[in-house]
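I opened this notebook page to keep track of what I looked up in the structure, one topic per entry. I begin with a charged pair and work outward from there.

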Amino acid sequence: MYTDLTVEPELLAKLPDPAGYRILIVTSKVNEKTKGGVYLPEDLRKAEDTATIVGKVLRLGPEAYNNEERFPTGPYCAEGDYIIFRSYGGTRFKLDGVEFRLLNDDAVEAVVADPSGYERAF
């Protein structure tokens, strides 16, 4: 149901560096139609884009995962990882029509090898 999470190099160069313990991610975007070929209305696609739970880590802030008391086993994720986080989590913003989020380092709930197939449960 979700599309690829790649970011063009020109767009990547425009993105802000996350401050402190924040993580910059690109969120997945809902496809126009389902696997069965049913077209999804634009309003539904926008709502699902907003509530997505899957993203790709683009950058870590300089203090992300540096607190050994809070993260005794090390970082939850690294740049390039696909992660699952809570719906509506983080600070959302768009740049050139692509949605990104800034999450706190402790907002990462899981790392997945392949983000395809993961959807928010209703």
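Entry 1, a salt bridge across the chain. I am working from a predicted model, and the pair I looked up to begin with was D17 and R59, whose side chains meet in a salt bridge with N to O at 3.3 Å. This pair links distant parts of the chain, since D17 is in the loop between α1 (9-14) and β1 while R59 is in strand β2, 42 residues apart. I then checked how accessible the two partners are: D17 counts as exposed at 63% relative accessibility, whereas R59 counts as buried at 17%, because the limit for buried is under 20% relative accessible area.

Entry 2, the surroundings of R59. I stayed with R59 and asked what else its side chain reaches, and I noted the backbone oxygen of L15 at 2.8 Å. The side chains of R59 and D17 are also joined by a polar contact of 3.3 Å. Leaving aside neighbours within four places in sequence, I listed the contacts of R59 as L12, L15, P16, D17, P18, I23, L24 and E79.

Entry 3, the other salt bridges. How many salt bridges does the structure hold? I noted six. Among them is the one between the side chains of E99 and R92, at 2.9 Å from N to O, and E99 also takes part in a salt bridge with R101, where the closest N and O atoms are 3.5 Å apart. Salt bridges that share partners thus join R92, E99 and R101 into one network. I looked up the accessibility of each member: R101 counts as buried at 0%, E99 is buried with a relative accessible area of 9%, and R92 is partly exposed with 41%.

Entry 4, the nonpolar cores. I recalled that in soluble globular proteins nonpolar side chains tend to be buried together. In this model the largest nonpolar core has 13 residues, and those with the most contacts inside it are L5, V7, L15, L24, V26, L58 and F100. The elements that give two or more residues to this core are β1 (22-27), β2 (54-60) and β3 (82-84). I picked V7 for a further look and found that, not counting residues up to four places away in sequence, V7 touches L12, V26, L58 and F100. Apart from this core lies another one, of 11 residues, with F71, I83, L103 and V108 among them.

Entry 5, aromatic rings. I noted four aromatic pairs in the structure. The rings of Y65 and F71 have their centres 4.9 Å apart and their planes at 75°, so I entered this pair as edge-to-face. Both partners are on the buried side of the limit, Y65 with a relative accessible area of 8% and F71 with 4% relative accessibility. For F93 and F100 the centres are 5.7 Å apart and the planes lie at 25°, so this pair is stacked. Here F100 is buried with a relative accessible area of 0%, while F93 counts as partly exposed at 21%. Ring pairs also link Y65, F71 and Y76 into a cluster. I added one charge-and-ring arrangement to the same entry, in which the charged end of R22 sits over the ring of Y21, 4.5 Å from its centre.

Entry 6, backbone angles. Most residues other than glycine have a negative phi, and I therefore wrote down two residues that depart from this. Y88 has a phi near 65°, a positive value in a residue other than glycine, and D96 has a positive phi of about 55° although it is not a glycine. Where do these two residues lie? I located Y88 in the loop between β3 and β4 (91-95), and D96 in the loop between β4 and β5 (98-104). Are they buried or exposed? Y88 is exposed, with a relative accessible area of 52%, and D96 likewise counts as exposed, at 54% relative accessibility.

Key: Residues numbered from 1 in each chain as written. Predicted model: local features only at pLDDT ≥ 70, side-chain atom pairs only at ≥ 80, totals over all residues. Heavy atoms only, no water. Core = buried A, V, L, I, M, F, W, Y, C linked by side-chain atoms within 4.5 Å. Buried < 20%, exposed > 50% of the residue type's maximum accessible area, 1.4 Å probe, protein only. Contact = heavy atoms within 4.5 Å. Salt bridge = Lys/Arg side-chain N within 4 Å of Asp/Glu carboxyl O. Phe/Tyr/Trp six-rings, centres within 6.5 Å; stacked < 30°, edge-to-face > 60°. Lys NZ or Arg CZ within 6 Å of the ring centre and 35° of its normal. Polar contact = N/O pair within 3.5 Å; in protein donor to acceptor, adjacent residues only side chain to side chain.
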